[in-house]
Amino acid sequence: MVDGTKTNILAEDDTGFQHKPVRARQLSTTIVDSKRDLRTLVIAIAVMFVGFLGIVRFASTSSKPMQGESVASESGGLYTCLRIYDSEPGKPIGLQMSLYNMSGHRIALKFTKSPALDFIVQRQVHLFFSTVPMEVWRYSAHNQRFSFANNETHIEIMPGEEKVFHGEWNRVNNDGTPVKASKYVITGYINIDGGTRSLNVERG
């Protein structure tokens, strides 16, 4: 009210248009900004989710296990082999990790951590569009045979000589409960100077 006269903010001007309140325009602008921010957040979450799936898929496929009774690799004249012995259904599965010196000189290996060697059984778990390994059983959790307390921290392998390490899986998980028939990935690890060597075999 100015000079005792009431002013109608919704009154029409000379052109015949009605003025809308300034507060209503500000509220409308705030709502639009909020919707825009929400849309940006949803897009960002979607991009991160797709990226996460890509990482999981790459990690699982880059370490895809070999199928069969054995798998081997060679590096620096040292031939490493993982063998699986499966005699009868329901019976324990034999595990063997061997190191063979293919070079013409002596190879000295120093174990970098305990256990020096280990066997791990994993089951492939489906996660969205990919699969990831989940540990079922670990040899060192039940047997300290390959720990530093029971073995030397280094070994020497002469030319043409083979060192063989044996283990056994009774088809149970780490709690001792029998596992169901399924596909499992058996991995043999040996922790030596220069890096950990590992080999995977898939069992149906």
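## Core contacts, a hairpin and an aromatic cluster

Leucine 109 is a good place to start in this predicted model: leaving aside residues up to four places away in sequence, leucine 109 touches Leu78, Leu99, Thr153, His154, Ile155, Ile157 and Ile192. Leu109 also belongs to the largest nonpolar core, which has 30 residues. The members that touch the most other members there are Leu82, Leu95, Leu99, Leu109, Phe119, Trp137 and Trp169.

Next, the hairpin. Strand 2 (residues 70-75) runs antiparallel to strand 3 (residues 78-86), and 6 bridges join them. Serine 73, for instance, has threonine 80 in strand 3 as its bridge partner. The hairpin leaves 2 residues between the strands, and glycine 76 in the turn has a positive phi of about 60°.

Now to the rings. The structure holds 4 aromatic pairs, two of which are set out here.

| Pair | Centre to centre | Angle between planes | Geometry |
|---|---|---|---|
| Phe119 and Tyr139 | 6.0 Å | 85° | edge-to-face |
| Trp169 and Tyr184 | 5.6 Å | 70° | edge-to-face |

Phenylalanine 119 sits in strand 6 (residues 117-127) and tyrosine 139 in the loop between strand 7 (130-138) and strand 8 (154-157), so this pair ties together parts 20 residues apart in sequence. The pair of tryptophan 169, in strand 9 (residues 162-169), and tyrosine 184, in strand 10 (residues 184-192), links distant parts of the chain, 15 residues apart.

Are these rings buried or exposed? Phenylalanine 119 and tyrosine 139 are both buried. Tryptophan 169 counts as buried at 2% relative accessibility, and tyrosine 184 is buried with a relative accessible area of 7%. Through ring pairs, Phe119, Trp137, Tyr139, Trp169 and Tyr184 are linked into a cluster.

Definitions and conventions
Residues are numbered from 1 along each chain as its sequence is written. This is a predicted model: local features need pLDDT of at least 70, side-chain atom pairs count only at pLDDT 80 or more; totals for chains, interfaces and linings use all residues. Side-chain values use heavy atoms; hydrogens and water are left out. A nonpolar core is a set of buried Ala, Val, Leu, Ile, Met, Phe, Trp, Tyr and Cys residues joined through side-chain atoms within 4.5 Å. Buried means under 20% relative accessible area, exposed over 50%, partly exposed in between (1.4 Å probe, protein chains only). Contact means heavy atoms within 4.5 Å. Two strands pair if DSSP finds at least two bridges between them. Helices (H or I, at least four residues) and strands (E, at least two) are DSSP runs, numbered from the N terminus. Rings of Phe, Tyr and Trp (its six-membered ring) pair if their centres lie within 6.5 Å; planes under 30 degrees apart count as stacked, over 60 as edge-to-face and the rest as tilted.
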